[in-house]
Amino acid sequence: MRLTRILPAIALLILPAMSAAQEEMMIPSIHCTIKGTITGATVNEISLHPYGAKSITVPVVNGEFAKDLYFEEPVSCDLSMSKGGADPVWRNLMFFIEHGEVTIEASFNESNQFSSSVKGGPLNTEYTRYLDTKDSLGRAAVIALREYESRNDIYTPKAQMLRGKMLQAKTAQALQDLNAQWIALGEADGLLTDEGKELHSNYIRLKKEYETFPSDFMASCESIVGYYLTFKAITNSEDPVPYLERCWYDYRKKYPRSPYTEYLEDEATYLTTVKAGRYIDITGPDSNNETVQLSTLIKGKVAIVTFWGSTNGYPRDKTKMLIPLYKKYADKGFTVVGIMNETSVEEGLKAIREDNCPWVNIINPEQIERIIRQYGNSEMFLIDETGAIVAIDPHMDDIVGYLGKKFR
């Protein structure tokens, strides 16, 4: 009897504590208040584009705007605005959504030149300092280059004489011969005086400092600012692998819930798997709503994996061009598998019927957006019988030629 009387009392003590904990978990950890002014232009609203979240429209009244933002993690946010008129002028700036108040000042001049400043919070301060340092290093390198190029007395007498002849050369052949002599003189260390060598060395040093500063900063910075810069470098670089190896693997451990992490995981998958010649397996429902697996469908066969859909004009047209090839080589070890991203399964089924697609199509597999990113947003893949990717987005002539040789 005593126990049954005590239990309800204990429950009353525990339940409020659990409820408070649950409420606390639901409250976002970041409350950012942005306040701003816009001068020199009539702007009625601004658009905020936090990475990984929906865009937000904020009204501008008498050149001022304000908005409270709530997020789980600090994140970069692009702000865009348009100067009204017959020919609207769009301008953008970037700031970090972080806990506390962020003040933004933006202005247009008569020539539509745009300037802005962001103040508030350690992340925005750090990012501003990064930009200022990068600009300072860039200016120093440009000044050193101009000084080096504007001086004629940095060249040896022999080099000065050769320069004079190059300026007076009347034929392309003569200039080519003199240029060869110039290169030979440089290889023999006969172009520059000691002062010229010092100026050139100073420029090379400053240029290197400017070029290596971003990656050095990313590797040493531990905040979300460094992660944002790493994200931008990877997504914009023609060779992102060094950034992945030097910076990203550490950042993803520290910020597992950051929206950058999921995107860059997909980018890393593409670079280390698809671009390296290996396909990523996909599982999902076919047109009969039966679960199928890409690896099973193409095992031991030459295959085309095509990403297409009812509203994708060019990919859909190119996919239809595969039908004669499928009918010609299907019984010889060739197959096609379609991967469809549709707003509804019905739309996908309708497109399959309209195009008379004879192969298996996987419609809306789970996490289709991530699958598309992991495949590098490419549309078609030619895969050999061992499972190796032979070509990404091959031209139809190349597909015809490959199949002709493979099955002759």
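Modeller: A residue counts as buried under 20% relative accessible area, as exposed over 50%, and as partly exposed in between. The model discussed here is predicted.

Colleague: Is R246 buried, partly exposed or exposed?

Modeller: R246 has a relative accessibility of 42%. Partly exposed covers the range between 20% and 50%, so R246 is partly exposed.

Colleague: Which residue forms a salt bridge with R246, and in which helix does that partner lie?

Modeller: R246 sits in helix α7, residues 241–254. The closest N and O atoms of the pair are 2.9 Å apart, and the partner is D216. The two residues are 30 apart in sequence, so the bridge links distant parts of the chain. At 35% relative accessibility D216 is partly exposed, and D216 lies in helix α5.

Colleague: How many residues apart in sequence are the parts that R151 and E195 tie together?

Modeller: R151 and E195 form a salt bridge, with 2.6 Å between the closest N and O atoms. R151 is in the loop between α2 (122–150) and α3 (157–168), whereas E195 belongs to helix α5 (residues 194–220), so the parts tied together are separated in sequence by 44 residues.

Colleague: In the salt bridge of E262 and R370, which residue is buried?

Modeller: The N to O distance for this pair is 4.0 Å. The bridge joins helix α8 (residues 259–274), which holds E262, to helix α13 (residues 368–374), which holds R370. E262 has a relative accessible area of 37% and is therefore partly exposed. The other value is 16%, under the 20% cut-off, so the buried residue is R370.

Colleague: Which residues are linked with E262 and R370 in a network of salt bridges?

Modeller: The model has 19 salt bridges. Some of them form a network that includes E262 and R370, and the residues linked with these two are E265, D266 and R373.

Colleague: Which helix gives the most to the largest nonpolar core?

Modeller: This core has 71 residues, and I46 and F95 have the most contacts inside it. Among the residues that I46 touches are I38, V58, F65 and M81. Eight residues of the core come from one helix, residues 224–236, and that helix is α6.

Colleague: Over which residues does pLDDT stay under 50?

Modeller: The chain averages a pLDDT of 88, and 92% of the residues score at least 70. The stretch in question has one contact beyond four places in sequence, and it covers residues 1–26.

Definitions and conventions: Residues numbered from 1 in each chain as written. Predicted model: local features only at pLDDT ≥ 70, side-chain atom pairs only at ≥ 80, totals over all residues. Heavy atoms only, no water. Core = buried A, V, L, I, M, F, W, Y, C linked by side-chain atoms within 4.5 Å. Buried < 20%, exposed > 50% of the residue type's maximum accessible area, 1.4 Å probe, protein only. Helix = DSSP H or I, 4+ residues; strand = E, 2+ residues; numbered from the N terminus. Contact = heavy atoms within 4.5 Å. pLDDT = per-residue confidence, 0-100. Salt bridge = Lys/Arg side-chain N within 4 Å of Asp/Glu carboxyl O.
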